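This briefing covers a sheet, a surface patch and one residue within a strand. Please read it alongside the sequence and the coordinates shown here.

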Amino acid sequence: LDGTDYLVEPGTNLLEFIRSRDTFVPAICYNESMGPIQTCDTCTVEIDGKIERACGTTIDRPMTVNTTTDQVQASQKEALDRILEKHMLYCT
């Protein structure tokens, strides 16, 4: 995770693991009690070079996860902009 190696119990949700390391990744639609809804895309991170949702990823193998690359931040911003754009249409 961001250049640091960790041993993680297989089956751990990636977003929950990231949060346990005090690393911030936005996640508007994720609720611990409901599990991953996977609709907002704000929790995107880079996993082994690909942009993917952290909330819907289960750690089941060695992986390289980056949360701060330019591509990750651009993806998160794009997702939030989409949400705000729609919100502005419906919000009075």
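In this predicted model, Thr44 stands opposite Arg53, a residue of strand 3. The points below begin with the sheet around this pair, then turn to a residue in strand 5 and to a patch on the surface.

**Sheet**
- Strand 2, which spans residues 44–47, is joined to strand 3 by four bridges, and the two run antiparallel.
- The open sheet is formed by three strands in the order 3-2-5, with antiparallel pairing.
- Strand 3 (50–53) and strand 5 (65–66) stand at the edges of the sheet, and because each has a single partner strand, one side of each is left without a neighbour in the sheet.

**Asn66 in strand 5**
- Asn66 has its place in strand 5, and with a relative accessibility of 19% Asn66 counts as buried, because buried means under 20% relative accessible area.
- When residues up to four places away in sequence are not counted, Asn66 touches Asp2, Val45, Glu46 and Val72.

**Nonpolar surface patch**
- Ile28, Leu80 and Leu84 together make a nonpolar surface patch of about 260 Å².
- Within this patch, Ile28 is found in the loop that lies between helix 1 (14–20) and strand 2.
- The relative accessible area of Ile28 is 51%, so Ile28 is classed as exposed, a term that requires a value over 50%.

Note on methods: Residues are numbered from 1 along each chain as its sequence is written. This is a predicted model: local features need pLDDT of at least 70, side-chain atom pairs count only at pLDDT 80 or more; totals for chains, interfaces and linings use all residues. Side-chain values use heavy atoms; hydrogens and water are left out. Two strands pair if DSSP finds at least two bridges between them. Patches are made of residues with over 30% relative accessible area and no salt bridge: like charges are joined within 9 Å, nonpolar side chains (Val, Leu, Ile, Met, Phe, Trp, Tyr) within 5 Å. Accessible areas come from the Shrake-Rupley method with a 1.4 Å probe; for residues, only the protein chains shown count as cover. A salt bridge is a side-chain nitrogen of Lys or Arg within 4 Å of a carboxyl oxygen of Asp or Glu. Buried means under 20% relative accessible area, exposed over 50%, partly exposed in between (1.4 Å probe, protein chains only). Contact means heavy atoms within 4.5 Å.
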